[in-house]
Amino acid sequence: MKILALEFSSPQRSVAVVHGGADAGPLCLGEAIETGARSTNTLGLVEDALRQAQLDRSQIECLAIGLGPGSYNGIRLAIALAQGWQLARPVKLLGISSAECLAAEAQAEGIFGQVEVVVDAQRNELYLAGYELSRDGRREIAPIHLATLAEAQARQQAGGIFIGPEVTNWFPGSRVLFPRAATLGQLARDRTDFVPGEKLEPIYLRATQFVKAPPPRIVAS
């Protein structure tokens, strides 16, 4: 199975083409990365990754989407692309936590032990998740949740290794890592929990708040 992975949840956006077969040779067939741009060249990244993989759009069988948490606009952009793709072609869709992708990225970099994934949640809060990483496995020990800086500092004092896209903003000397589409695609190889496009939603842990608009003002003639 040919997997197209989209990871737009951080300041580094990436697209990768990954081979889904267990004995299919190289895992990552092509990857395009963009860092720091004010807007995302979405289709350009897709075409670049496909060109490296020597594939065309019709050969993609599955799209894997990084659901965050992270940049809400970036995640929605990746979801919209996947939804449109599924409307045009019979592809499978997968949504995967970008925190899990970061943990897998750390594991691939040889970072082992208790690892804390940190993502900026704005409003003086952080998204925080804990993993136990070893050469042989990866185990979630604290699900992703909204945390205060004080909670994160307490975990650091307990000996956790901190990683994340902007982690050094709060914890100097920590390891900056971005969730990569190539890693996301490799996680998708072992997944079968496919969903229809309308079921893809960003991981957004705050309660949605709606403010009702006031009634229209009637102006006397």
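**Exercise 1. Find how much accessible surface the chain of this predicted model has, and what share belongs to carbon and sulfur atoms.**

Step 1. The accessible surface of the chain adds up to about 11600 Å².
Step 2. Carbon and sulfur atoms account for 49% of that surface.
Step 3. Now look inside: 45% of the 221 residues count as buried.

**Exercise 2. Work out why the chain can be called as compact as a globular protein of its length.**

Step 1. Start with the elements: you will find 5 helices and 10 strands in the chain.
Step 2. The chain's radius of gyration is 19 Å, and the globule rule gives 17 Å for 221 residues.
Step 3. These values are close, so the chain is as compact as a globular protein of that length.
Step 4. For the outer dimensions, picture a box of roughly 75 × 55 × 30 Å along the principal axes, filled by the C-alpha atoms.

**Exercise 3. Decide whether Cys62 and Cys101 are bonded or free of disulfides, and whether they are buried or exposed.**

Step 1. Searching the whole structure turns up 0 disulfides.
Step 2. For Cys62, the nearest cysteine sulfur belongs to Cys101 and lies 14 Å away.
Step 3. For Cys101, the closest cysteine sulfur is in Cys28, at 12 Å; a disulfide needs the sulfur atoms within 2.5 Å, so this pair is too far apart for a bond.
Step 4. Buried means under 20% relative accessible area. Cys62 has 0%, so Cys62 is buried, and Cys101, also at 0%, counts as buried.

**Exercise 4. Find how far apart the mean positions of the positive and negative charges are.**

Step 1. Take the 21 positive and 23 negative charges of the chain.
Step 2. Their mean positions are 6 Å apart.

Methods: Residues numbered from 1 in each chain as written. Predicted model: local features only at pLDDT ≥ 70, side-chain atom pairs only at ≥ 80, totals over all residues. Heavy atoms only, no water. Helix = DSSP H or I, 4+ residues; strand = E, 2+ residues; numbered from the N terminus. Rg over C-alpha atoms; globule rule 2.2 N^0.38 Å. Buried < 20%, exposed > 50% of the residue type's maximum accessible area, 1.4 Å probe, protein only. Areas by Shrake-Rupley, 256 points an atom, 1.4 Å probe, with all protein chains shown as cover. Lys, Arg positive; Asp, Glu negative; His and termini not counted. Charge placed at Lys NZ, Arg CZ, Asp CG, Glu CD.
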